[in-house]
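User: I am in my first year and would like a close look at one part of this protein, a helix and what it meets. Could you take me through it slowly and explain each term as it comes up?

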Amino acid sequence: MRISRPAWGPVSIVAGIVAVAHLVLAAVPRRWFDEDLMVAIGRDHLDWGAVDQPPLTPLLAGAAEAIAPGDQVVLALPAVLATAAAIVLTALMARELGGDRRAQVLAALGQATCVAAAQFGHWLTPYTLEPALWAGLFWLLLRWIRLRDDRLLLLLGAVAGLAAQTRFQVLALGIVLLGAVALAGPHELLRRPRLWAGVALGLVIAAPTLAWQASHGWPQADMARVVAHENELIYGSRLLVVLHSAAVTGPLTLGLLVCGLAALCRGERWREHRFLAVVFGVLLAAVVLSGGRHYYLLPLCTPYLAAGAVALQHRREAGKRRAAWPVVALSAVLAAGALGFTTVMASPRFADELVTTTASAFREIPPEQRARTALGATPYVYATYLDTAPAELGLPPAASTNRAYGWFAPPPERQDRMLFVGDPGRLRSSFAEARPVAEVDAPTPLGTYGGLVPERTTIWLLTGRTAPWAELWPEHRDLELG
């Protein structure tokens, strides 16, 4: 296969523009609960795992807080770098597939104008880091197919292990990849000892977080069922989840993906890469049947964007020319709009109101009782906002029985009272008295756009605890948002 030189110049410009745009937006005040959860875990509860999180993203968030507490731009840096890296790796994949400079740039633009990537490219969350890690896996695999350099297989295992420390979905990707190669080739890959050494290396890197899950009863498996139930409440139909997934890709991204899949399913020149079509089909079916989130397939897109760009190059070389710039321009406008809309999605308005009202209610507690009063909240979304509130507000650490918080340590036993934000649910029966002390508009915990639809939330003062926290906490743990 003829291989072109990397299009470093134009691809770097595309990635650089995207990175600068995200860094500018990172400086705008925001409160995104997934990011706040990473900060709370990384700063106060870092372990080899959490109920729904491997430790890498919280570790990065905790490091950012240690270096520059409260600095949103520093916090966003790993996310922005990962967003830019995914663009560069997509272009490099197009090169491995025989793409010329024009195809490499088109593939980079396909990833750069992905609507969902524009939405969360400056939020430090696991699903922001995941596309770059998966793109690294696919690039190493495609490069091995071209070069047959087995050292790449060890690197592939190391990247897979790192990805498993970010999100567990890469384990499913690995299993499906091996099965697809066994079915469609290249079968030589499965006969390489370093492939299996790479698999072993990846499992060793992932072992600590897998051990954490095993020792805590595999709560991640329970989370899959919870996510499916929440999607049913939000969408009502799995078809709508698929349509939402397509909508948040963008015209160029979706068009290249479809072109790439079509190319992989036919033609002799794609014979060694046909396994990629099997991978996409199996993982699409798995996400739909399991009721996964609409963004679960986004990390999978990059090799298909590269294949689509190269397939269009083949058409161009055959004299079948079509202007791509109108689709590129439309996609860029939509991605820019999605990037700007994040200032609305992650507006701190309602989160700040929740925090300030809670702080005011806490200050109204008599000083002699304040030290005995824990701060609690349900759902965990409220707990993350309270936990990452400015220190000058004087709030104690937040506790919750919901999601990851339910597996953190409960409040100290000396705190036999609780100021509780939200519905205390079954926890209310463990106190002699529950008195409402304030009401506040708070972000909706269930749904894609959070604070855009606020709900009236009550703040309670729970007194007369009837049992030790150590007994109450495991009994009241739950994963459902509501």
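Analyst: Contact here means that heavy atoms lie within 4.5 Å of each other. The model is predicted, so local features need pLDDT of at least 70 and side-chain atom pairs count only at pLDDT 80 or more, while totals for chains, interfaces and linings use all residues. Residues are numbered from 1 along each chain as its sequence is written, and side-chain values use heavy atoms, with hydrogens and water left out.

A good place to begin is T253, which is found in helix α13; helices are DSSP runs of H or I with at least four residues, strands are runs of E with at least two, and both are numbered from the N terminus. T253 has a relative accessible area of 1% and is therefore buried, a word that means under 20% relative accessible area, with exposed meaning over 50% and partly exposed in between, for a 1.4 Å probe and protein chains only. Not counting residues up to four places away in sequence, T253 touches G110, T113, C114 and L305.

One of these partners, G110, lies in helix α5, which covers residues 101-112. G110 is buried as well, because its relative accessible area is 0%. Leaving aside neighbours within four places in sequence, G110 is in contact with L252, T253, L256 and L305. The C-alpha atoms of G110 and P251 are separated by 8.8 Å, although these two residues are 141 residues apart along the chain.

Helix α13 (residues 251-264) also meets helix α14 (residues 275-290), and their axes come within 8 Å and cross at roughly 125°. Such axes are lines fitted to C-alpha atoms, for helices over the stretch in contact, and the angles run from 0 to 180 degrees between N-to-C directions. Helices α13 and α14 are therefore oblique to each other, since angles under 35 degrees count as roughly parallel, over 145 as roughly antiparallel, 65 to 115 as roughly perpendicular, and the rest as oblique. The crossing of α13 and α14 is left-handed, meaning that the near helix is turned anticlockwise from the far one by less than a right angle, whereas clockwise would make it right-handed.

In this crossing, L257, L261 and L264 of α13 meet L276, A277 and F280 of α14. Sorted by class, the contact of α13 with α14 has 6 nonpolar, no polar and no charged residues, where Ala, Val, Leu, Ile, Met, Phe, Trp, Tyr, Cys and Pro count as nonpolar, Asp, Glu, Lys and Arg as charged, and the others, Gly among them, as polar.
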